[in-house]
Every structure is written in structure tokens, then in C-alpha cells.
Amino acid sequence: MSKKFRSVIALLLCTAFVLAGCGSADDQNSTSSGTGKDRVVIYTAAEDERIAYIQSELDKQFPDTEIVIQSLGTGQLLSKLQAEGKDSDCDIFYDLEVVNAEIILNASPDLFVDLSDYDFSIYDPSVTGYTDRHHKYAVNGKTAGAFLVNTRMLEEKGLPIPETYEDMLKPEYAGLISMPSPKSSGTGYSYYNGMVTILGEEAGMEYFEELNPNIKEYTTSGSAPAKAAVRGDVAIAYGLLWQCVNYANENEGLTVVVPEQGLAFDLFTMGMISGHETKGSVKEVFSYLYNELNKPQCAKFNPDKIYVDMPAAEIQNYPENYKEITMAGLFDFQYKQDLLDKWKY
């Protein structure tokens, strides 16, 4: 082999080692994006309008950080966090249904960062039923459910506006109602659990058996029924109170029904994946969410009380003093599973 040929081989080998070294450095620095910015990934089941607001505010607060918010359904968020564990791409989870958070912790108690260093005295006692056991997540929202009614559709059919849960069972509303499926939607499960809580298990199951002929569709998404009522696909939709009020504010011929028996609700949580809190700006971003951003987010989108000093709702015509159902098994994942096992629609 000539001296010149040996020199070329040596040069090629050196180049290969340099490139390999560069590649391994990028692999190890998982918080870096292709732009060279620090990268923080948030998994969330929040609605699109809330995601857009949070993304905008985080981008303004952290201009040198690439913040990626990945939108997932309620069930998808649960299964993805379960499957990925501590090696998840997710750094921060946001809007994880509280019972689903408990399901994850039951199987993987160390998956979430302990938040004991954060101030939990900011929360109203009605949402802290878990903190005597752990501080592995914080509540970021309470979402009550109500009915959005397309009054034009009912007028065309000569039907009155239903006012109570029992009214929804009347045969004249057959095929006119939509609700989210409890098996795929936290909103749907809260309605299911709320009626079981009010009526007792046996009567609660009978309620949904009687309601079933009136249901045009059980949706996988919690927001889909209300959107269907706006389009005129259904006359009555069970959905999130804040979304129902917004739709009624923005569209003629829609009204919101808040039954006097009380509104079912669900809690949603935020936290960090263990080991990720030391990466780049992850903890800084989470702390901003916890201490600064979540309160105005609640005021704009889901102003049901979770804080001692809850900011005033920014949603016009939002009901101030509705009754809450005292939800059974709010933090009990086994209770939820037992109820879902009995759901047959």
C-alpha cells in the first residue's frame, strides 16, 4: 500500500470518528432541538383554544426555548405516559384527568416529580383531597358539565327546552341528544359518575338505560357534542360548561341549561416526569405554569374554583353560583374502573 493511499485512509477514519462523536453528543443532549434551542415537551389533553393561549404565553416568556405542546385525547394521554415511563419525550404533563394520574401512580409511584416544594396553600380545599397522601401532581383545572341547547331545532319540532336531568329522558327528545362516551372522555365520565352519585348506582344505571334511546351519538371527544349542537346536528349536547357558555355567547339560537340538582365536574392535573426536572428549562417552565400562567388560563377558559383567590371569570354570562354535585370516587381509580366496566353503550 502506498504512503499516499495510507494517508487518505487515515484522514477518512479521523473524519468518521469526529462525525460519530458529534452524533453521540446530540443524542445525549435530548433537551436540544434542531434549532439549537433548549427544548421542552408538554403533553396535554387540553382543548385547542387553551393550547393556543398557553403556547403563545410560554413563547413570549421563554423566547430562547423551543416549547413543543403535543395535543392528545384523554385516553391517549394516559396510555402514552404509561407506555413511555421515565424515558418519555414528555417533560411536563398538563390537563391529565385526576383519576388517570392516580392510575399511573398506582403502577409507577416514582414516575412523577414530587412537588412538595411548591406552595399548595394557594388551592381551595375542595380540590386537595389527595395531598394527605402525596404531592406528585397539582390541580390545574376543574371542569363542570352542562347542556348546550339548540333552541331553533327544538322550536321547529315544537319541543320545550329541557331544564332537568329527568327532562332529558322524555321520549320526545329521541335521537336529539349527544354526549361524550365515559370510556374515552373525562367529560362523559363526569356526567356518568355525577348521575350515579345523585341517584345511587342502581338508579343511576337505570337513568342511562332510559337516556340511551334519546342519544344520537356517543362521541370520543368531550367537546364534539357541543360543536354538533352549534352545527345543528343535535338539539341537546352535554359538554364543558365554559365551552357551552362561549358557544351560546357567540351564536344565536343557543342556550345553556344548568340543572338545579347540581353540575358534575372533573379535576385535571399538571406535573413533571421524574428525572426531567433537571433538564434545561423544564423546571423553570413548569414553575411559570404553576405560579403565573395557570390562574389567567383558568379565568379565560375554565373558571370553576380551584384556587383560594380564584380570579374572576372573563367569560361573559358565566354562571356564578351553581350547585356542585359532591362527586363520588373523585380520586379513586378503582371506583372509576368499576363504573366503566358497567357501561354498555
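Reader: Before we get to Leu211, what makes two residues count as touching here?

Author: Contact means heavy atoms within 4.5 Å. This is a predicted model, and in it Leu211 touches Met168, Leu169, Ile177, Met179 and Tyr191, leaving aside residues up to four places away in sequence.

Reader: What makes the set around Leu211 a nonpolar core?

Author: The label needs buried residues of the listed nonpolar kinds, joined through side-chain atoms within 4.5 Å. The largest such core has 99 residues, and Tyr123, Tyr191 and Leu211 have the most contacts inside it. Helix α10 (residues 282-300) gives the most to this core, with eight residues.

Reader: Which residues belong to the second core, and why is it counted separately?

Author: Ala226, Cys244, Tyr247 and Leu254 are among its ten residues. A core is a set joined through side-chain atoms within 4.5 Å, so a set without such a link to another counts as its own core.

Reader: Why is Cys90 called buried?

Author: Buried means under 20% relative accessible area. Cys90 comes in at 0%, so the label fits. Cys298 is at 0% too, so Cys298 is also buried.

Reader: How do you know how many disulfides there are?

Author: A pair of cysteine sulfur atoms has to lie within 2.5 Å. By that rule the count is zero.

Reader: What makes you say helix α9 is mostly covered?

Author: Seven of the ten residues in α9 (residues 241-250) are buried. They are Leu241, Trp242, Gln243, Cys244, Val245, Tyr247 and Ala248. As for what they pack against, that's α2 (48-61), β4 (138-150), α8 (224-231), β7 (236-240) and β8 (254-257).

Terms used. Residues numbered from 1 in each chain as written. Predicted model: local features only at pLDDT ≥ 70, side-chain atom pairs only at ≥ 80, totals over all residues. Heavy atoms only, no water. Buried < 20%, exposed > 50% of the residue type's maximum accessible area, 1.4 Å probe, protein only. Helix = DSSP H or I, 4+ residues; strand = E, 2+ residues; numbered from the N terminus.
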